[in-house]
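Hi there,

Here is the structure I promised to pass on. Have a look at it first, and my notes follow underneath.

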Amino acid sequence: MLNKEQIIQWLEAVATVLEENKDYLTELDAAIGDADHGINMNRGFQKVLTQLPTVTNKDIGSIFKTVSMTLISTVGGASGPLYGTLFLRASAVVTGKSELTSEDMAKVFAAAVEGVVQRGKANLGDKTMLDALSPAANTFTEAVANGSSFLESLKQAVDAAESGMKNTIPMLAKKGRASYLGDRSIGHQDPGATSIYLILKTLLYHVRLNTYK
Ligand code: ADP
Ligand code: MG
């Protein structure tokens, strides 16, 4: 179970984590893009941070919607609309909720993947954020179906996101700016897959804290 307060704390922590990883994400993007992914994500989540106090009394759907709108209007690039759509689709499946069960979270994951696919038209293996998000979503859903707890399912999902992120290294980019490089995109980790991993890892940290306290 994941409640509204934990979601707000998670989003606050994401802002910190993306700030701490701004240079790292930007270096990854410098190798196969235009060296702005860290800057874009940090700008977006710093703005999210300023918006969170306006949604503390709202449901999780409204919180995700505010995140979406904020990212769409501040991030720019490819990742702004992609992350914006991810959170918009996620918001639509949790309207009115103040806590998420494992089943709700599986729906959030599925909606997030669907949003990214519809917006970016990427396939698995194209070396994008989808290569971290999709395995995480599938792993979470399977773990829940097998009777694992929220925490255990999320732990497995984060492991899958990490593997998915690392698996982007040998891939040839077929979408986004990195695709302009052709073969030269091979050998570099995708920045968007990396930000997905960082965001999910931060969620795991918060769920873990709450489970053991
Ligand atoms: P831009 O490429 O416009 O500079 P960013 O640098 O912020 O935007 O984000 C780049 C990331 O966006 C890539 O690493 C990749 O993960 C993701 N991305 C780009 N195009 C797509 C797409 N069509 N579908 C899914 N993800 C994509
Ligand atoms: Mg870029």
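To start with the overall packing: 52% of the 213 residues of the protein chain count as buried. Please keep in mind that this is a predicted model.

On overall shape, the radius of gyration is 16 Å, which agrees with the value near 17 Å that a compact globule of 213 residues would have. The C-alpha trace spans about 45 × 40 × 30 Å along its principal axes.

The protein chain is built from 9 helices and 2 strands. Following the sequence, you will meet them in the pattern β-α-α-α-α-α-β-α-α-α-α. As for how the chain comes together, take the contacts between residues at least 6 apart in sequence: 70% of these join residues at least 24 apart.

Now the surface. The accessible area of the protein chain comes to about 9,500 Å², and carbon and sulfur atoms account for 52% of that. There are 21 positive and 22 negative charges, and the mean positions of the two sets lie 5 Å apart.

One helix I looked at in more detail is α8, which covers residues 150–167. Its 18 residues reach 25 Å from the first C-alpha to the last, close to the expected 26 Å. Which residues of α8 are buried? They are Phe150, Leu151, Ser153, Leu154, Ala157, Val158, Ala160, Ala161, Gly164 and Met165. When you look at that list, it helps to recall that an α-helix has 3.6 residues a turn, so residues three or four places apart point the same way.

Happy browsing, and do write back with any questions!

Best wishes

How values were computed
Residues numbered from 1 in each chain as written. Chains lettered and ligands numbered in written order. Predicted model: local features only at pLDDT ≥ 70, side-chain atom pairs only at ≥ 80, totals over all residues. Heavy atoms only, no water. Helix = DSSP H or I, 4+ residues; strand = E, 2+ residues; numbered from the N terminus. Expected span 1.5 Å × (residues − 1). Buried < 20%, exposed > 50% of the residue type's maximum accessible area, 1.4 Å probe, protein only. Rg over C-alpha atoms; globule rule 2.2 N^0.38 Å. Contact = heavy atoms within 4.5 Å. Areas by Shrake-Rupley, 256 points an atom, 1.4 Å probe, with all protein chains shown as cover. Lys, Arg positive; Asp, Glu negative; His and termini not counted. Charge placed at Lys NZ, Arg CZ, Asp CG, Glu CD.
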